[in-house]
Amino acid sequence: MSGSEQAPAPNALTGRVAEQLPLCRGCRQFTRPGERECPFCGGDVAALASRHAHHLSIARAAARDLSARIAAGGKPVDDPRQVGTSEE
Ligand SMILES: [Zn+2]
């Protein structure tokens with residue numbers, strides 16, 4: 001698992017790449033680039049994205065911890081970053 005974002009694929013007919021629309025993390029609707037307030041839920045798009053990124057980092061850390069514990073056979077792991085990092 002790389003965790004990197006994939007680049008958008010160009011349209012097969014036109015060769016053009018579709019514009020990336022920011023996703024409102026408050027209501028999961030697409031917004032226009034540069035829009036500060038979501039037109040659907042009224043949320044602060046940047047603040048909601050920041051909060052989502054924070055929660056995602058916590059979830060990813062928990063997943064790494066769980067993977068390390070599984071790799072260690074269920075034994076406690078002092079530092080999960082030291083175990084189970086050889087797979088991609
Ligand atoms: Zn919204």
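Is A49 buried, exposed or partly exposed? The legends below take that up along with a few other spots in this predicted model.

**View 1. A49 on helix α1, with P22 across from it in the frame.** A49 is one of the residues of helix α1. A49 comes out as partly exposed, because 16 other C-beta atoms lie within 10 Å, and a residue has to reach 20 to be called buried. Look for P22 in this view too: P22 and A49 sit 27 residues apart in sequence, yet their C-alpha atoms are 9.2 Å apart in space.

**View 2. Helix α1 from end to end, residues 45–71.** The chain has one helix and zero strands, so α1 gets a panel to itself because there is no other helix to show. How far apart are the end C-alpha atoms of α1? They are 38 Å apart, and that agrees with the 39 Å that 27 residues should span at 1.5 Å a residue. There isn't much packed over α1: it is hardly covered, with a count of one buried residue among its 27. Just for orientation, an α-helix has 3.6 residues a turn, so residues three or four places apart point the same way. After α1 comes G73, which has a positive phi near 75 degrees.

**View 3. C27 and its contacts, in the segment before α1.** C27 belongs to the stretch ahead of α1. Which residues does C27 touch once neighbours within four places in sequence are left aside? They are C38, F40, C41 and G43. For F40, the C-alpha to C-alpha separation from C27 is 7.4 Å, although the two are 13 residues apart along the chain. C27 still counts as partly exposed, because 14 other C-beta atoms are found within 10 Å.

**View 4. R28, a non-glycine residue with a positive phi.** Move on to R28, also in the segment before α1. Its phi is about 65 degrees, even though R28 is not a glycine. Why is R28 called exposed? Because R28 has 9 other C-beta atoms within 10 Å, and the exposed label applies at 12 or fewer.

**View 5. Q20 and R32, 12 residues apart along the chain.** Q20 is another residue of the segment before α1. Its C-alpha atom is 8.8 Å from that of R32. Is Q20 buried or exposed? Q20 is exposed, because the count of C-beta neighbours inside 10 Å is 11.

**View 6. E35 and A46, 11 residues apart in sequence.** E35 lies in the segment before α1. From C-alpha to C-alpha, E35 and A46 are 9.0 Å apart. E35 is partly exposed, because 14 C-beta neighbours fall inside 10 Å.

**View 7. Zooming back out to the whole chain.** How much of the chain is buried? Buried residues make up 6% of the 88 residues. As for contacts with a separation of 6 or more, residues 24 or more positions apart account for 8% of them.

How values were computed
Residues are numbered from 1 along each chain as its sequence is written. This is a predicted model: local features need pLDDT of at least 70, side-chain atom pairs count only at pLDDT 80 or more; totals for chains, interfaces and linings use all residues. Helices (H or I, at least four residues) and strands (E, at least two) are DSSP runs, numbered from the N terminus. Two residues are in contact if their C-beta atoms, placed from the backbone, lie within 7 Å. The expected span of a helix is 1.5 Å times one less than its number of residues.
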